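The following note sets out several points for consideration alongside the coordinates. Each point may be checked against the structure shown here.

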Amino acid sequence: MRRVEQKAITLLFICLAGIYANGQKIPKGGEIKMPAGYMPLAIENSIELQTILNDSIAKVLNAFPARGFKVDDIAATLIDVRDPSQLRWANFSGERQIYPASVVKMFYMTALERQLEDGKLKLTPELERGLRDMIVDSSNEATQYILDVLTDTSSGAEIPQKEFEKWQFKRNRVNRFFTAMGYQNINVNQKTFCEDAYGIEQQSRAYKGQNRNMLTTNAVARLLAEIVLGKMNTPERTAKMMELMRRDPFSADGGPEDQAHAFTGRLFIERKMTSAKLWSKAGSTNRSWHDAVYIEMPNGLKFVIVIFTENHANDKNVIPSIVGNIIDQLSRN
């Protein structure tokens with residue numbers, strides 16, 4: 001499909017999604033509005049990037065035969081952002097829905113900054129603390145608070161179906177925001193927990209997890225690129241979001257498993273990449289190990305890479321190995 005046709009279809013979808021959801025006209029009140037003049041990123045598929053991404057992943061898959069690292073255990077999306085007017089990308093299972101763990105918090109941050117910019121929420125010291133803890137420390141408790149604020153919902157006991165439908169419609173506010181901008185194959189309406197959800201939160205998940213958060217690496221990479229390029233908010237708010245995601249692998253703060261030192265940060269430490277810059281939002285469970293990353297290299301290389309792995313949460317070198325291979329190949333081109 002040509003770029004012009006893609007843009008026309010996306011614009012039509014945006015207009016329709018902004019008016020109706022599930023057959024209901026959306027109230028204007030607390031709805032999250034896309035930025036004025038918003039246009040989705042125009043990104044070209046790149047054969048060169050596809051080859052680099054495939055080769056980088058293949059090297060990792062071939063290095064883990066004994067532990068059975070399968071193709072279905074990994075998904076990734078790569079975007080070259082060196083030239084914002086000529087964005088290129090590639091993906092490996094990039095449209096497969098995967099439980100995102102804490103990576104979803106980047107979506108909640110974006111939605112919150114939109115509400116703050118539109119004056120629908122006021123940045124109190126407590127809200128600022130919650131936003132920081134959600135992104136910098138990846139606090140689940142802070143995320144629960146932020147999602148309540150965004151959707152005007154709260155946890156509690158299970159409720160009758162008719163009341164629950166009204167509650168769930170409000171809880172889907174963040175979903176409607178991203179759907180209106182053409183994001184597909186995602187679900188961003190659930191809190192994150194250290195253990196499990198209870199009461200109405202479990203009711204919202206449909207009890208067996210059918211309505212859990214789900215993201216694709218394509219959607220995450222698109223959002224991160226749109227934040228980096230200032231598409232999601234004003235320059236001032238964009239700078240604030242970037243500052244929250246800024247990671248220093250060489251800082252003494254944190255621990256070996258935090259977002260700065262683990263995940264892609266391991267590569268920076270191992271290669272002593274003190275002149276490179278790293279922004280990220282990571283996520284993990286006992287079976288998942290994910291990272292959404294933006295990197296700037298001293299040689300002018302700038303790229304977004306999102307990697308989700310499943311069933312190999314203990315294989316901590318997978319993500320830095322793939323990113324390292326990508327840096328090596330992109331730097332030669």
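**Notes on the sheet and helix packing**

1. Strands β7 and β8 form a hairpin, with three residues between them. The structure is a predicted model. The pairing of β7 (residues 277-284) with β8 is antiparallel and extends over eight bridges. Within this pairing, Ser284 has Trp289 of β8 as its bridge partner.

2. A hairpin is also formed by β8 and β9, here with five residues between the strands. In the turn, Gly300 has a positive phi of about 95 degrees. Strand β9 (residues 302-310) pairs with β8 in the antiparallel sense, over nine bridges. Val293 has its bridge partner, Ile305, in β9.

3. Is strand β8 largely enclosed or not enclosed by the rest of the structure? Of the nine residues in β8 (residues 288-296), eight are buried, so the strand is largely enclosed by the rest of the structure.

4. These hairpins belong to an open sheet of seven strands, whose order is β3-β5-β4-β9-β8-β7-β6. The pairing in this sheet is mixed. At its edges lie β3 (43-45) and β6 (246-247), each of which pairs on one side only.

5. The pairing of β3 with β5 merits separate mention. Strand β3 runs parallel to β5 (residues 87-92), and three bridges join the two. Arg88 in β5 is the bridge partner of Glu44.

6. Turning to the helices, α6 (residues 161-171) and α7 (residues 173-180) pack with their axes 4 Å apart, at an angle of about 45 degrees. The two helices are therefore oblique to each other. Their contact brings Phe169, Lys170 and Arg171 of α6 against Arg173, Val174 and Arg176 of α7. By class, the contact comprises two nonpolar and four charged residues, with no polar ones.

7. Leu267 is the last residue raised in this note. Leu267 is located in helix α11 (residues 265-271). Is Leu267 buried or exposed? Its relative accessibility is 4%; because buried means under 20%, Leu267 counts as buried.

8. Which residues does Leu267 contact beyond its neighbours within four places in sequence? They are Met273, Pro320, Val323, Gly324 and Ile327. For Gly324, the separation from Leu267 is 57 residues in sequence, while the C-alpha to C-alpha distance is 6.8 Å.

How values were computed:
Residues are numbered from 1 along each chain as its sequence is written. This is a predicted model: local features need pLDDT of at least 70, side-chain atom pairs count only at pLDDT 80 or more; totals for chains, interfaces and linings use all residues. Side-chain values use heavy atoms; hydrogens and water are left out. Axes are lines fitted to C-alpha atoms, for helices over the stretch in contact, and angles run from 0 to 180 degrees between N-to-C directions. Angles under 35 degrees count as roughly parallel, over 145 as roughly antiparallel, 65 to 115 as roughly perpendicular and the rest as oblique. Contact means heavy atoms within 4.5 Å. Ala, Val, Leu, Ile, Met, Phe, Trp, Tyr, Cys and Pro count as nonpolar, Asp, Glu, Lys and Arg as charged, and the others, Gly among them, as polar. Buried means under 20% relative accessible area, exposed over 50%, partly exposed in between (1.4 Å probe, protein chains only). Two strands pair if DSSP finds at least two bridges between them.
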